[in-house]
Amino acid sequence: MAAVLEFEEVSKHYGGWLSRRPPVRALDNFSLQVEAGEIFGFLGPNGAGKTTAIHLALGFMRANSGRGRMLGRPFGEARTRRRVGFLAENVALYHRPALHLVQFYGALNGMGGTRLRQRARDVLELVNLGSDAERNVAAFSRGMLQRIGLAQALVNDPELLILDEPTSALDPIARVVIRELLLRLKREGKTVFLSSHLLSEVELVCDRVGVMHQGRLARLGKTADLLHSREQTQVVARGIAAGAFPGAVASDGVVSFIIATASQRQVLEQIWKLGGEVVSVNPLKRSLEQIFLEVTQARGEGA
């Protein structure tokens with residue numbers, strides 16, 4: 001199956017020979033493929049190149065080298081964008097009643113008539129703004145503006161959703177609503193490209209994750225694989241003293257400690273020799289925050 005979103009050795013720099021400052025390389029031979037029907041988490045510190053990559057995909061700017069395709073077509077085609085829903089990081093919307101505003105964005109995508117009016121009401125309900133349909137968005141809170149921004153991204157029933165920080169201004173209840181909505185869209189076969197600094201949210205919904213650093217893809221993999229370390233294993237045993245292994249912690253009659261995966265067999269044999277019982281042996285569970293810091297700090301980024 002062809003990738004829904006594809007970057008192939010894309011580079012983009014700002015500035016140049018007309019500027020007194022040396023050029024800033026935002027993307028450096030960046031390559032990535034996003035598969036159909038997945039929720040892909042796009043992570044990285046500020047200035048890593050995430051927004052540049054999104055703007056290139058949508059045709060807001062051109063790359064200096066490399067190429068990319070979105071929904072099978074080269075970046076920047078207007079007809080392709082009608083099949084895409086986009087939510088920018090900083091939502092800026094016309095001051096209109098919410099329903100009229102969503103209808104306006106639907107009309108920009110070629111929608112009209114009864115279908116558009118009903119779809120606009122439907123997406124407002126999806127983001128819990130149905131009761132605010134007639135209110136002017138000028139009076140909306142930041143969190144409500146975030147949700148109306150998501151509604152306009154959904155109104156054209158897109159095949160691909162590109163969301164830049166969609167939950168940054170939301171309260172915990174609204175985040176749960178949006179999280180469930182994203183999972184529902186995935187079940188419907190849509191693809192979601194999600195850029196976010198809220199790593200706990202990404203961890204809950206994303207099938208795969210890519211971590212950007214200094215314009216390059218520094219880490220890529222299935223979320224479950226990344227969160228389970230291959231180098232370290234957590235062992236839980238009973239019937240042995242906590243001091244039998246370095247760093248062991250005793251609680252409720254069991255002892256738990258972390259070992260190098262390569263030494264697993266040797267450690268289990270030692271537990272049995274001590275007369276103990278192995279309760280569980282599992283790869284060490286990490287958080288995306290730990291992975292994020294590991295990637296950025298290993299390449300000279302501050303914590």
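**Aromatic pairs, nonpolar cores and an open sheet**

Phe-7 is a buried residue, its relative accessible area being 3%, and in this predicted model it offers a starting point for describing the aromatic contacts. The structure holds nine aromatic pairs, and in one of these the rings of Phe-7 and Phe-30 stand 4.9 Å apart from centre to centre, with 45° between their planes, an arrangement that counts as tilted. Since Phe-7 belongs to strand β1 (residues 5-14) and Phe-30 to strand β2 (residues 24-34), the pair ties together parts that are 23 residues apart in sequence. Phe-30 is likewise buried, with a relative accessibility of 1%.

A further pair is formed by Phe-60 and Phe-86, whose ring centres are 5.8 Å apart and whose planes meet at 65°, so that the pair is edge-to-face. Here the loop between α1 (50-57) and β4 (65-70), which carries Phe-60, is tied to strand β6 (residues 84-87), which carries Phe-86, and the two parts are 26 residues apart in sequence. Phe-60 is partly exposed, at a relative accessible area of 48%, whereas Phe-86 is buried. Ring pairs also link Phe-7 and Phe-30 with Phe-40, Phe-42, Phe-75 and Phe-193 into a cluster.

Aromatic rings are also met by a charged side chain. The charged end of Arg-96 sits over the ring of Tyr-94, at 5.8 Å from the ring centre, and Arg-96 lies over the face of Phe-104 as well, at 4.5 Å from the centre of that ring.

Strand β6 can be followed residue by residue. Val-84 and Phe-86 point one way from the strand, while Gly-85 and Leu-87 point the other way, and all of them are buried. This agrees with the general rule that in a regular strand the side chains alternate between the two faces of the sheet. β6 is joined by four bridges to strand β7 (residues 160-164), the two running parallel, and within this pairing Leu-161 of β7 is the bridge partner of Gly-85.

Residues of β7 reappear in the surroundings of Ser-195, which lies in strand β8 (residues 191-195) and is buried, with a relative accessibility of 1%. Neighbours within four places in sequence left aside, Ser-195 is in contact with Phe-42, Lys-50, Ile-54, Leu-163, Asp-164, Glu-165 and Pro-166.

The helical part of the structure contributes to the nonpolar interior. In helix α3 (residues 98-108) the buried residues are Ala-98, Leu-99, Leu-101, Val-102, Gln-103, Tyr-105 and Gly-106, and these pack against α4 and α5. Just after α3, Gly-110 adopts a positive phi of about 85°. The largest nonpolar core has 49 residues, of which Leu-124 and Ile-148 touch the most other members, and the largest share of this core, six residues, is supplied by α5. Beyond residues up to four places away in sequence, Ile-148 touches Leu-93, Ala-98, Leu-101, Val-102, Leu-124, Leu-129, Val-137 and Phe-140. Apart from this core lies another, of 25 residues, which includes Val-4, Ala-48, Leu-71 and Val-84.

Positive phi values also occur in two residues that are not glycine. Asn-128, with phi near 60°, is placed in the loop between α4 (113-126) and α5 (142-154) and is partly exposed, at a relative accessible area of 47%. Asp-252, with phi of about 55°, is found in the loop between β12 (249-251) and β13 (254-260) and counts as exposed, at 79% relative accessibility.

The strands on either side of Asp-252 take part in an open sheet of four strands, which are arranged in the order β12-β13-β11-β14 with antiparallel pairing. Because β12 and β14 (277-285) stand at the edges and have a single partner strand each, one side of each is left without a neighbour in the sheet. From one strand to the next the twist averages 25°. Strand β11 (residues 228-238) and β14 run antiparallel and are joined by seven bridges, with Ser-280 of β14 as the bridge partner of Val-236. Helix α9 (residues 264-273) lies across β11, β13 and β14, and its direction is at about 155° to that of β14.

Terms used: Residues are numbered from 1 along each chain as its sequence is written. This is a predicted model: local features need pLDDT of at least 70, side-chain atom pairs count only at pLDDT 80 or more; totals for chains, interfaces and linings use all residues. Side-chain values use heavy atoms; hydrogens and water are left out. Buried means under 20% relative accessible area, exposed over 50%, partly exposed in between (1.4 Å probe, protein chains only). Rings of Phe, Tyr and Trp (its six-membered ring) pair if their centres lie within 6.5 Å; planes under 30 degrees apart count as stacked, over 60 as edge-to-face and the rest as tilted. A charge sits over a ring if NZ of Lys or CZ of Arg is within 6 Å of the ring centre and within 35 degrees of the ring normal. Two strands pair if DSSP finds at least two bridges between them. Contact means heavy atoms within 4.5 Å. A nonpolar core is a set of buried Ala, Val, Leu, Ile, Met, Phe, Trp, Tyr and Cys residues joined through side-chain atoms within 4.5 Å. Axes are lines fitted to C-alpha atoms, for helices over the stretch in contact, and angles run from 0 to 180 degrees between N-to-C directions.
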